[in-house]
Amino acid sequence: MPSRNRSPEPQQAYAAPLPCLREAAASCKACDLWKAATQTVFGEGRADATIMLVGEQPGDLEDRAGRPFVGPAGKLLDQALVEAGIDRSDVYVTNVVKHFKWSPAERGKKRIHKKPRDSEIQACRPWLDAELAVVKPKILVCLGATAAQSLLGKDFRVSRQRGQIIESPLAPHVVATVHPSSILRAQDDESRHSQMQAFIQDLKHVARFLKGDKAA
Ligand code: SF4
């Protein structure tokens, strides 16, 4: 696999179309996460998407498929987008880290998700910056604490600040909500239902904001 030196420099990456960025990221070795992962999972969606959704990192199924948000959390996200009235084709989905970080389960062959370190998030940041530079979304939606804190600062608390529209140099507007995987981890059906409804409300807020509804 090519070394980091073959990845584009940020200023070159910014000018590159998405297929070129995806191809370059496929050989990235800027941190060690590529070693245990199957492949780079780059973002997916139209280059002129209005909304960019950013999660933490690909999961087990995404790692195998090479596509973001295709596992259970992705299916839940798709459902929430439909219920919020957001056209999936108007959304670009990606992660702050493009390789799956995992450790083996104590028993069996299951691969257990591990949270990426700050250094790994920083190493991967040029890819996200390049995606932002190409897509130029009107609104950037951080899914979960890892994405929110890496893009909005360590003091950001999704539990307190979810749904708030924030001014940021990253995009004209930035907002954070939960990661759909947290809804899957809810302890019972009632809790799962209420968390899903809150997630849909956050996405509806995004949709209304984009339509210029002052009541949003
Ligand atoms: S996680 Fe990001 S920075 Fe690290 S090797 Fe993968 S693409 Fe490169």
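## Two loop residues with positive phi

A residue counts as partly exposed when the number of other C-beta atoms within 10 Å of its own falls between the limits for exposed, 12 or fewer, and buried, 20 or more. By that rule K136 is partly exposed, because 14 other C-beta atoms lie within 10 Å. Please keep in mind, here and below, that this is a predicted model. K136 sits in the loop that leads from α5 to β5, and its phi is near 50°, a positive value in a residue other than glycine. As background, most residues other than glycine have a negative phi.

F69 offers a second case, with a positive phi near 55°. You will find F69 in the loop between α3 (60-65) and α4. What is its setting, buried or exposed? F69 is buried, since 26 other C-beta atoms lie within 10 Å.

## The five-strand sheet

Let us turn to the sheet. Its five strands follow the order β2-β1-β5-β7-β6, and the sheet is open, with mixed pairing. Which strands stand at the edges? They are β2 (91-95) and β6; each has a single partner strand, so one side of each is left without a neighbour in the sheet. On average, and with direction ignored, neighbouring strands of this sheet are turned by 30° against each other.

At the β2 end, β1 (residues 51-55) runs parallel to β2, and five bridges join the two. Within this pair, M52 has Y92 of β2 as its bridge partner.

## Strand β7 and its two neighbours

Strand β7 (residues 171-177) deserves a closer look. Why can β7 be called largely enclosed by the rest of the structure? Five of its seven residues are buried, and therefore the description fits.

On one side, β5 (residues 139-143) is parallel to β7 and linked to it by five bridges; here V141 stands opposite V175 of β7. The other partner is β6 (residues 166-168), which runs antiparallel to β7 and is joined to it by two bridges. I166 has V174 in β7 as its bridge partner. The connection from β6 to β7 is a hairpin through two residues.

## Around the ligand

Which residues come nearest to the ligand? Of the 15 residues around it, they are C28, A30, C31, H99 and C124. Sorted by class, the shell holds 10 nonpolar, two polar and three charged residues. Helix α5 (residues 118-135) supplies the largest share of this shell, with four residues.

## Helix packing and a contact between loops

Two packed helices are described by the angle between their axes and the distance between the axes. For α4 (residues 72-84) and α9 (residues 189-210), the angle is about 55° and the axes are 8 Å apart. That angle makes α4 oblique to α9, because it falls outside the ranges for roughly parallel, roughly antiparallel and roughly perpendicular. Their crossing is right-handed.

Finally, consider T38, which lies in the loop between α2 (18-25) and β1. T38 is partly exposed, with 15 other C-beta atoms within 10 Å. How far apart are T38 and G66 in sequence and in space? They are separated by 28 residues in sequence, and by 8.1 Å from C-alpha to C-alpha.

Definitions and conventions:
Residues are numbered from 1 along each chain as its sequence is written. This is a predicted model: local features need pLDDT of at least 70, side-chain atom pairs count only at pLDDT 80 or more; totals for chains, interfaces and linings use all residues. Two strands pair if DSSP finds at least two bridges between them. A residue is near a molecule or strand if its C-beta atom, placed from the backbone, lies within 6 Å of it. Ala, Val, Leu, Ile, Met, Phe, Trp, Tyr, Cys and Pro count as nonpolar, Asp, Glu, Lys and Arg as charged, and the others, Gly among them, as polar. Axes are lines fitted to C-alpha atoms, for helices over the stretch in contact, and angles run from 0 to 180 degrees between N-to-C directions. Angles under 35 degrees count as roughly parallel, over 145 as roughly antiparallel, 65 to 115 as roughly perpendicular and the rest as oblique. A crossing is left-handed if the near helix is turned anticlockwise from the far one by less than a right angle, and right-handed if clockwise.
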